[in-house]
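Biologist: I am new to this one and would like to learn how to read it. Could you walk me through it, one feature at a time?

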Amino acid sequence: MLAIRTRRRKAAALATAAVLAGLAAPSLTASPATATTTTNTDYDATYYKDAIGKTGTSLKSSLHTIISDQTKLSYSAVWDALKATDEDPDNTGNVILLYSGVSRSKSLNGGDTGDWNREHVWAKSHGDFGTATGPGTDLHHLRPSDVRVNSVRGNKDFDDGGSAVSEGGGSLTDSDSFEPRDAVKGDVARMIFYMAVRYEGGDGFADLEVNGRVDNGSAPYIGKLSVLKAWNDEDPPDAFEEHRNQVVYDDYQHNRNPFIDHPEWVESIW
Ligand SMILES: [Ca+2]
Ligand SMILES: [Ca+2]
Ligand SMILES: [Ca+2]
């Protein structure tokens, strides 16, 4: 299976290179990539053994048990972890910032303008979990973000629409929602779905859930479900997102985001 995945990635990389080199035009008629084509079955017989074959609430419950077995980080340890998980593959001194897509020096972590900081994609006020060890330090939804763009996103729910965020890489926002740039729409959706399954209220933190609203405030919910499902389909996992999942699994938390391995499980549960 590993060999198949490697071949597929090589083919995709060659196709991209051909387009960049002007050797091939991107097809305007190709159907959108479907989640099925990105399924990673490498862990089905081991890590996901108890979840395979299940659907709906039964699948959600099984995945919750599987991914809750994890190592937890302190908030201060998150800095160095992000320098590894989000490293720019073309410049190992940099990280890629989630919403803007900018590659910035790892050493510019901090809170000043021009720095990058630790963005909680599941806004930490939605469920009020703060930065105590737990959901507030879970690498599966923490990403480097430009300080200013992070503050523009704030604690808004996710939805389509709005006006361009300055230096936001194509991200949009309005008074009640944020739309990340196209290349990370699926990443954002899968992080949200991970959080909803990982946190079910049994460990001293709120039961985080996805709903159909964009005015959730401090309630332990994030919307908008229909849009997040569409983003999961439109932007399937790529090599960067898959590598990130692997680094979190191998080197830090030892749990996986099931929706990066099996994007089709989103449709099964929601
Ligand atoms: Ca809106
Ligand atoms: Ca993506
Ligand atoms: Ca939940």
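Modeller: Gladly! A word on helices to begin with: a helix here is a DSSP run (H or I) of at least four residues, numbered from the N terminus. By that rule S62 lies in helix α2. Please keep in mind that this is a predicted model.

Biologist: How many helices and strands does the protein have?

Modeller: There are nine helices, along with 11 strands. The protein has 270 residues, and 49% of them count as buried. Among contacts with a separation of 6 or more, 65% are accounted for by residues 24 or more positions apart.

Biologist: Back to S62, then. Is S62 buried or exposed?

Modeller: The idea is to compare the relative accessible area with a cut-off: under 20% means buried. S62 has a relative accessible area of 8%, so S62 is buried. Leaving out residues up to four places away in sequence, S62 touches D50, A51 and K54.

Biologist: Which helix does α2 pack against, and at what angle?

Modeller: For a pair of helices, look at the angle and at the distance between the axes. Helix α2 (residues 56-67) packs against helix α5 (residues 185-198) at about 90 degrees, and the axes are 8 Å apart. Angles of 65 to 115 degrees count as roughly perpendicular, and that is how α2 stands to α5. On the α2 side the contact is made by K60, L63, H64 and I67, and on the α5 side by Y194, A196, V197 and R198.

Biologist: I notice gaps of three or four in such lists. Why do residues three or four places apart point the same way?

Modeller: An α-helix has 3.6 residues a turn, so residues with that spacing point the same way.

Biologist: May I try another pair? How do α3 and α7 pack?

Modeller: Helix α3 (residues 75-85) and helix α7 (residues 239-252) meet at about 135 degrees, with 9 Å between their axes. These two helices are therefore oblique to each other, and their crossing is right-handed. D80, A81, L82, A84 and T85 of α3 make the contact with F240, R244, V247, V248 and Y252 of α7.

Biologist: Now the metals. Which residues are the protein donors of the calcium ion (ligand 3)?

Modeller: For a metal site, list the donor atoms and then check the angles. Around the calcium ion (ligand 3) the donors are A196 (O), Y199 (O), E200 (OE), D207 (OD), L208 (O) and E209 (OE), at 2.2 to 2.5 Å. Along the sequence their spacing is A-x2-Y-E-x6-D-L-E. Of these donors, E200 is partly exposed, at 26% relative accessible area, while E209 counts as buried at 16%.

Biologist: What arrangement do the six donor atoms make?

Modeller: Ideal angles for six octahedral donors are 90 or 180 degrees. Around the calcium ion (ligand 3) the angles run from 82 to 175 degrees, which makes the arrangement octahedral.

Biologist: And which residues coordinate the calcium ion (ligand 1)?

Modeller: The calcium ion (ligand 1) is held by D174 (OD), D174 (OD), D176 (OD) and S177 (OG), at 2.2 to 2.5 Å. As you see, D174 is listed twice. The donor spacing is D-x1-D-S. D176 is partly exposed at 32% relative accessibility, whereas S177 is buried at 1%. Water is not among the atoms, so sites may look incomplete.

Biologist: That leaves ligand 2. Which parts does the pair D187 and D235 tie together?

Modeller: The calcium ion (ligand 2) is coordinated by A183 (O), D187 (OD), D235 (OD) and D235 (OD), at 2.3 to 2.7 Å. The spacing along the chain is A-x3-D-x47-D. D187 lies in helix α5 and D235 in the loop between α6 (225-234) and α7, so the pair ties together parts that are 48 residues apart in sequence. D187 is buried at 4% relative accessibility, and D235 is buried at 12%.

Biologist: You mentioned α6. Which of its residues are buried?

Modeller: The buried residues of α6 are V227, L228, K229, W231 and N232. They pack against several elements, including α5, β10 (209-211) and α9 (264-269).

Biologist: One last try with a loop: where is G114?

Modeller: G114 sits in the loop between β3 (103-105) and β4 (116-120), and is partly exposed at 31% relative accessibility. G114 and D146 are 32 residues apart in sequence, yet their C-alpha atoms are 6.9 Å apart in space.

Notes. Residues are numbered from 1 along each chain as its sequence is written. Chains are lettered from A and ligands numbered from 1 in the order in which they are written. This is a predicted model: local features need pLDDT of at least 70, side-chain atom pairs count only at pLDDT 80 or more; totals for chains, interfaces and linings use all residues. Side-chain values use heavy atoms; hydrogens and water are left out. Donors are N, O and S atoms within 2.8 Å of the metal (3.2 Å for Na, K and Ca); water is not among the atoms, so sites may look incomplete. Four donors count as tetrahedral if all angles lie between 85 and 135 degrees; four count as square planar and six as octahedral if opposite donors are over 155 degrees apart and all others between 65 and 115; anything else is irregular. Buried means under 20% relative accessible area, exposed over 50%, partly exposed in between (1.4 Å probe, protein chains only). Axes are lines fitted to C-alpha atoms, for helices over the stretch in contact, and angles run from 0 to 180 degrees between N-to-C directions. Angles under 35 degrees count as roughly parallel, over 145 as roughly antiparallel, 65 to 115 as roughly perpendicular and the rest as oblique. A crossing is left-handed if the near helix is turned anticlockwise from the far one by less than a right angle, and right-handed if clockwise. Contact means heavy atoms within 4.5 Å.
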